[in-house]
Amino acid sequence: SPDGNKVLYTRNYKDVMTDRNLSNIWLYNLSDQTNTPITSGIQNDNSPKWLPDGKGFLYVSNETGKSQIHRYWMQSNKSAQISNLQKSPGGISISPDGKWIAFLSPVDNAANSLVQLPSKPAGAKWNDPPLYFDKLKYQSDGRGFLKNQSRQIFILSTDGGTALQITSEEINHN
């Protein structure tokens, strides 16, 4: 925490019924050496980041079905989803004044196929179109074929709202 008295961390566990990896956010109080669960449930809560004033924190959770940014208020012990993103956010940073969040999220790149296939006639049942790859790394163990995407930088108010994409080059930002 900004005052140096508390630590937020992600506690991972396994759901034995579904064999899924899950996580919740816990708080460790350095003064009395106690652990307290902040979030709970069968979901993935991760990447907690303290707000500069120490009155709350941001984190990523998939409790609504897809990963979104949430805000937690320490005084009321309440949280709320503050983003509505199409793809999972990552690499969250908070501005020094605590008003803005910068984060990374994948964006689909334009397809650059060398060949343009004709469109199928109405009612026709064709096989799936061929796959075209122009990158050396085109698949990953456990994920299969990789989508033609790049990580772009977005910003969002810590009060929520619509995220604004800042970068648009077809490169991965870190």
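Is Lys87 buried, partly exposed or exposed? Lys87 is partly exposed, with a relative accessible area of 25%. Please keep in mind that the model is predicted. This briefing walks through the charged pairs and then turns to Asp45, a buried residue that has no salt bridge. As background, side chains of opposite charge can pair when their charged atoms come close. Across the whole structure, a search finds 3 salt bridges.

**Lys87 and Asp108**

- Lys87 meets Asp108 in a salt bridge, at 3.1 Å from N to O.
- This pair links distant parts of the chain, 21 residues apart: Asp108 belongs to strand E9 (residues 100-108), while Lys87 sits in the loop between strand E7 (78-81) and strand E8 (90-94).
- Asp108 counts as partly exposed, at 47% relative accessibility.

**Arg71 and Asp159**

- Arg71 and Asp159 form a salt bridge in which the closest N and O atoms are 3.2 Å apart.
- Because Asp159 lies in the loop between strand E12 (149-157) and strand E13 (164-165) and Arg71 lies in strand E6 (residues 68-73), the pair ties together parts that are 88 residues apart in sequence.
- The two partners sit in contrasting surroundings: Arg71 is buried, with a relative accessible area of 12%, whereas Asp159 is exposed, with 64%.

**Lys14 and Asp19**

- A salt bridge also joins Lys14 to Asp19, and here the closest N and O atoms are 3.7 Å apart.
- Lys14 counts as partly exposed at 42% relative accessibility, and Asp19 counts as exposed at 56%.

**Asp45, without a salt bridge**

- Asp45 lies in strand E4, which spans residues 45-50.
- Although Asp45 is buried, it has no salt bridge; the nearest side chain of opposite charge is that of Arg20, 10 Å away.
- That distance explains the missing bridge, because a salt bridge requires a side-chain nitrogen of Lys or Arg within 4 Å of a carboxyl oxygen of Asp or Glu.
- What Asp45 does have is polar contacts: its side chain makes one with the side chain of Thr39 at 2.7 Å, and another of 2.9 Å joins the side chains of Asp45 and Gln43.
- Leaving aside neighbours within four places in sequence, the residues in contact with Asp45 are Thr10, Ser23, Asn24, Ile25, Thr39, Tyr59, Val60 and Ser61.
- Thr39 therefore turns up twice for Asp45, as a polar partner and in the contact list.

Methods: Residues numbered from 1 in each chain as written. Predicted model: local features only at pLDDT ≥ 70, side-chain atom pairs only at ≥ 80, totals over all residues. Heavy atoms only, no water. Buried < 20%, exposed > 50% of the residue type's maximum accessible area, 1.4 Å probe, protein only. Helix = DSSP H or I, 4+ residues; strand = E, 2+ residues; numbered from the N terminus. Lys, Arg positive; Asp, Glu negative; His and termini not counted. Polar contact = N/O pair within 3.5 Å; in protein donor to acceptor, adjacent residues only side chain to side chain. Contact = heavy atoms within 4.5 Å.
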